[in-house]
Amino acid sequence: MTRTMLLAILDTMLPGDEGEPPLPPASEAGLDLTRLERLAEPVITALGENDGFLAAAAADRVAKLRIVELNAPVAFKALLAEALAGYYEAPPVLAALGWRVAPPQPHGHDVAPNDEALFRTLEKVKSRGQLWRA
Amino acid sequence: MASGRQIKFGPIDVAIVGAGLGGAAFARRLAGRAPRLRILCFERGDWLDRANLPAQQPDWQRLSLGRWATSPNLRLQAGGNGISADYPIDDSGSDFKPLMWNGVGGSTINWAAHFPRLHPSDFKIRTLDGVGDDWPFSYFDLEPYYDLNDEAFGVSGLAGDPAYPPKKSRRMPPLPLGRLGAKAARAFDALGWHWWPVDAAINTVTEGTREACNHCGPCQQGCANGAKSSTDLTYWPRAIASGVGLRTNCIVQEIVVEGGVATGIRYRDGNGRDCWQPASTIVVAGNGIGTARLLMASGIESPALGRNLMFHPAAYVRGMFTEELDGPVGPVGCALYSHEFYETDETRGFKRGIHLQVTRENPLLVQASRLEPAWGAEAQRLLREEFRHSMAVLVMAEDLPELHNRVTMAREMEADGMPGVRVEYTLSREARRALDFGMARAEEMLRAAGAHRIVRVPLAPYTGWHLLGTARMGSDPATSVTNADGCCHAVPNVIVADGSLFPTAGACNPGSTIGALALKLADALVGARP
Ligand SMILES: Cc1cc2nc3c(=O)[nH]c(=O)nc-3n(C[C@H](O)[C@H](O)[C@H](O)COP(=O)(O)OP(=O)(O)OC[C@H]3O[C@@H](n4cnc5c(N)ncnc54)[C@H](O)[C@@H]3O)c2cc1C
Ligand code: SF4
């Protein structure tokens, strides 16, 4: 039951979208659920009525979770932080947002070299003369 | 006092506390000036191991919010990282959260390496604007040391900025502005406002074993390829080669003072042993919080000690663009700044000025974590709109020295054997006005650049990068902790050599001034000139 509830909560927090390419719902992003399960326990307890949550429509699930967010903010925040971390480092999510999966090093990123013409506009700035006071 | 069970070392000439920016610059200069002096530095943390930095790990984003966060409190909450020897700071009474690194290199390990100088006017704001205090010397007295410090750090940038007195040509070409910077530059140009590519202590050209920046992004978690200058890479190798000793994992607990003279330091070494190091001169460079904490724990008294804490209050304005910008590629302290509004213009309704800086974006997870609403379909829609399509402008103001903004000691002892430390800071009305003015200008620029949506962050708590003023210089012992040479009025053979000394802060980053100042103080100790 905990796992089913956890997945339902995660999908309410991070439902995904229909963009191009689509963001997957959290339950399909390949998150490590072990740690999330532990963090979800107090949130599930605060929700109280598992069946009601599972049976509810998406908008009602949001409303129910918002109440938990207000009433059990510490537990809710801890679960949300872990869910966000797992989700936004998951390869399918990075790919959907057009970002690479490999960490920043050793390859770094390409940035276009400076545009000489743009730098020539600095002459205008220079032509204003001394801007500092002494 | 030293006890019988202490490990006792033979006397030395100079003991330096803290191997960060001020401590490293001081050590290197002093060793070069007076090679016969026996100089030892004591650093509470360890050397950085660049092979294991977050930037090479798949979970680097998560690490940057936890064990490698910029806040020592967040790092401690996440279990620490074993290199930065952090101590908890009670920052519940502070509008800004103090950020730092406690290991060799100090906060230059996680700094953004944006490397501006203060303006000449910043050294005499009492004379020019009737607020704050004047520094005990001028920009031009410090200028030769700025040049020396630039040389040690290796600056990329472009000389010729009319917002400053002429500077020597920069050793390396400026960092690329990127799409984001180019767009901002055109907008500043269209508005007729000052803009200039940043001076950065970052290699744009490979120098020796230190590679050129490859724009990886997370500078504030340490630079894996050594492109970013930090004092473990710049001053320390040279200081050590000139004979300075550096003892790591040593927490200095107390400066022992007898009859108004410091006789040495008591420290806890990496094995938890109590050690005694006699020294003729003690130099303290523990940063605006660490220095005040140690001086207070040592019973060194001054009415100004711990007071007048300055952070450089910060706000952000973020613009969303239809076209694609760079996203979270580094370095974060890039790309350009505007000092159009840096000097006082009283028609704006406040004195002193603001620094506008177009910065690069944060990692995806950081962007996702600061959304409002924080979760649900709307959060994901906003993130899609923002990610790789946003431009952030940092608005930084000058906060004036105020007695009630301060560092105090708690009664409880911390695990590091020292009294706990608390920070109290409230944003002043004047600084609020400056930030509001700056946000309006930032928004104007972003609109001119084509932003279709603007998000303002009127006060950004996790921007406590600059810890300044808590052991300020001056001539009056009633209002300052040290004289112009950094010597404590109460105990003259204790010298402060870090950001704590700033009588006022200007409105831009302090690193290059801290380095220059430390070089100047080392010369003063041996009676040398630049
Ligand atoms: C995330 C971040 C980004 C920043 N970005 C910029 C930037 O772009 N540009 C800029 O100019 N500035 C920046 N700064 C600020 C800059 O790094 C600091 O102002 C500067 O490093 C302070 O120098 P310092 O010598 O005062 O202290 P630090 O460099 O912090 O060094 C203090 C050292 O003292 C040690 N220490 C403290 N107490 C003890 C003790 N009791 N015993 C032994 N050792 C002790 C600490 O471990 C530390 O290593 C940034 C700072 C941070 C945290
Ligand atoms: S962006 Fe450049 S300076 Fe920053 S960490 Fe990466 S390589 Fe180093």
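How many residues of chain B are in contact with chain A, and how many of chain A with chain B? The legends below take up that question and then move on to other close-ups of this predicted model.

**View 1. The interface of chain B and chain A in this predicted model.**
Here is the count: 64 residues of chain B are in contact with 55 residues of chain A. Together the two chains bury an area of about 4,800 Å², and carbon and sulfur atoms account for 61% of that. On the chain B side, the residues that lose the most area to chain A are B:Trp375, B:Gln380 and B:Arg384, which together make up 20% of what that side buries.

**View 2. Polar pairs between chain B and chain A, and the elements of chain B that take part in the interface.**
Between the two chains, 29 residue pairs are in polar contact, counting pairs with both residues at pLDDT 80 or more. Six elements of chain B each supply at least two residues to the side that touches chain A: α2 (60-65), α4 (125-129), α6 (178-191), β5 (196-197), α9 (364-369) and α10 (377-386). The largest share, five residues, comes from α6(B). Sorted by type, the residues on this side of chain B are 35 nonpolar, 16 polar and 13 charged.

**View 3. Salt bridges, across the interface and within chain B.**
Side chains of opposite charge can pair when their charged atoms come close. Over all chains, the search of the whole structure finds 52 salt bridges, and eight salt bridges are found across the interface of chain B and chain A. To see a pair that links the two chains, look for A:Arg133 and B:Asp129, whose side chains meet at 3.0 Å, N to O. Inside chain B, the side chains of B:Asp122 and B:Arg352 form a salt bridge at 2.6 Å, N to O. B:Asp122 sits in the loop between β4 and α4 of chain B, while B:Arg352 sits in the loop between β11 and β12 of chain B, so this pair ties together parts that are 230 residues apart in sequence.

**View 4. The six-stranded open sheet of chain B.**
Follow the strands in the order β5-β11-β12-β13-β10-β16 (chain B); their pairing is antiparallel. The edges belong to β5 and β16 (453-457) of chain B, and each has a single partner strand, so one side of each is left without a neighbour in the sheet. Within this sheet, β11 (residues 335-338) and β12 (residues 354-359) of chain B run antiparallel and are joined by four bridges. One place to look is B:Tyr337, which stands opposite B:Gln357 in β12(B).

**View 5. Two helices of chain B against the six-stranded sheet.**
Helix α10(B) packs on the sheet and touches β10 (314-320), β13 (390-397) and β16 of chain B, with its direction at about 85 degrees to that of β10(B). Helix α11 (residues 429-449) of chain B lies across β10, β12, β13 and β16 of chain B, and runs at about 155 degrees to β13(B).

**View 6. The three-stranded open sheet of chain B and helix α8(B).**
The strand order in this sheet is β4-β15-β14 (chain B), and the pairing is mixed. The edge strands, each paired on one side only, are β4 (89-94) and β14 (406-413) of chain B. From one strand to the next, the twist averages 25 degrees. Five bridges link β14(B) with β15 (residues 419-425) of chain B in the antiparallel sense; B:Thr408 stands opposite B:Arg422 in β15(B). Helix α8 (residues 287-297) of chain B lies across β4, β14 and β15 of chain B, at about 55 degrees to β14(B).

**View 7. Backbone details in loops of chains A and B.**
In chain A, the peptide bond from A:Glu20 to A:Pro21 is cis, with omega near -10 degrees; A:Pro21 belongs to the loop between α1 (2-13) and α2 (33-47) of chain A. The peptide bond from A:Gln105 to A:Pro106 is also cis, with omega near 15 degrees, and A:Pro106 lies in the loop between α6 (91-96) and α7 (116-120) of chain A. In chain B, B:Asn249 has a positive phi of about 55 degrees, although this residue is not a glycine. You will find B:Asn249 in the loop between β6 (245-247) and β7 (251-258) of chain B.

Terms used: Residues numbered from 1 in each chain as written. Chains lettered and ligands numbered in written order. Predicted model: local features only at pLDDT ≥ 70, side-chain atom pairs only at ≥ 80, totals over all residues. Heavy atoms only, no water. Pairing = 2+ DSSP bridges. Axes fitted to C-alpha atoms, helices over the stretch in contact; angles between N-to-C directions. Contact = heavy atoms within 4.5 Å. Buried area = accessible area lost by both parts, 1.4 Å probe. Salt bridge = Lys/Arg side-chain N within 4 Å of Asp/Glu carboxyl O. Polar contact = N/O pair within 3.5 Å; in protein donor to acceptor, adjacent residues only side chain to side chain. Nonpolar A, V, L, I, M, F, W, Y, C, P; charged D, E, K, R; others polar.
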